[in-house]
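Welcome! Here is a short briefing to help you find your way around a new model.

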Amino acid sequence: MWYWFACVSVALLLRLLARLEIRGLENFPLHGPAILVANHIHLFDPPVLGAVLPRVIIFLAKRELFHTPVLNWIVSHYKALPLRRGEPDRQALRRALVVLRNGGVIGIFPEGTRSRTGALQRGQPGVVYLAARSGAPIVPVAIEGTDRFQFPALWRRPLVRISIGRPFTLPAELLRRDRWAEATDFIMLRLAALLPPERRGVYAPALVGDSAHLVR
């Protein structure tokens with residue numbers, strides 16, 4: 001109950017403090033397991049996504065958030081799973097696999113940390129592990145505008161845009177352990193294609209020209 005109360009509250013605040021635009025909501029699967037992958041530009045990204053998407057999203061969140069009483073209470077009630085950054089966290093990934101095998105949705109920010117510039121950073125291979133072990137479809141979701149959540153910008157109601165791409169699965173040949181770096185790029189390019197060119201960061205050079213086939 002607290003999760004949905006929080007989501008409704010955040011949705012109302014979004015409508016009051018920002019101009020909200022959602023693209024591709026019809027692409028988000030309403031049933032079955034799914035891995036949501038999103039760029040990360042603001043601390044509020046997880047509650048914003050929880051507020052606009054129609055299912056409970058179990059996010060992997062950095063372990064440090066669980067060490068502060070107030071933040072621990074918030075992220076725990078959001079059902080988040082603690083994740084150690086900078087190293088393979090098998091325990092967190094195993095817990096995420098349980099969620100997927102029970103038909104739930106796992107949310108992951110494959111960059112591993114917030115982007116200070118707003119541009120996409122190099123992805124980490126944890127999402128490939130989840131996709132390979134679960135077979136769940138991957139749903140790319142691009143976030144724009146939450147990094148403008150600061151005064152006095154709120155008085156101008158900044159535009160917050162959420163773009164949801166079509167679910168996809170990794171080609172079988174990329175599921176081999178020695179090709180996980182390629183698989184990560186495969187995923188990140190589909191996420192980058194949902195962002196404007198100036199936000200694509202390290203993946204911008206690979207998307208010069210027509211990248212429409214990546215978002216169909």
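**A residue to start from**

Isoleucine 162 touches Leu20, Glu21, Ile22, Arg23, Val48, Leu49, Val52, Val141, Ala142 and Ile143, leaving aside residues up to four places away in sequence; contact here means heavy atoms within 4.5 Å. This is a predicted model, where local features need pLDDT of at least 70 and side-chain atom pairs count only at pLDDT 80 or more, while totals for chains, interfaces and linings use all residues. Residues are numbered from 1 along each chain as its sequence is written, and side-chain values use heavy atoms, with hydrogens and water left out.

**Nonpolar cores**

- The largest nonpolar core (buried Ala, Val, Leu, Ile, Met, Phe, Trp, Tyr and Cys residues joined through side-chain atoms within 4.5 Å; buried means under 20% relative accessible area, with a 1.4 Å probe and protein chains only) has 29 residues, and Leu36, Leu49 and Ile162 have the most contacts inside it.
- Two or more residues each come from helix H1 (2-17), strand S2 (34-38), helix H2 (45-52), strand S3 (57-62), strand S6 (138-144) and strand S7 (159-164); helices (H or I, at least four residues) and strands (E, at least two) are DSSP runs, numbered from the N terminus.
- H1 gives the most to this core, with five residues.
- A second, separate core has 27 residues, including Leu93, Leu100, Val128 and Ile187.

**The sheet**

- Seven strands form an open sheet with mixed pairing, in the order S1-S7-S6-S2-S5-S3-S4; strands pair if DSSP finds at least two bridges between them.
- At the edges, strand S1 (19-23) and strand S4 (81-83) each pair on one side only.
- S1 and S7 pair in the parallel sense over five bridges, and arginine 23 stands opposite serine 163 in S7.

Note on methods
Buried < 20%, exposed > 50% of the residue type's maximum accessible area, 1.4 Å probe, protein only.
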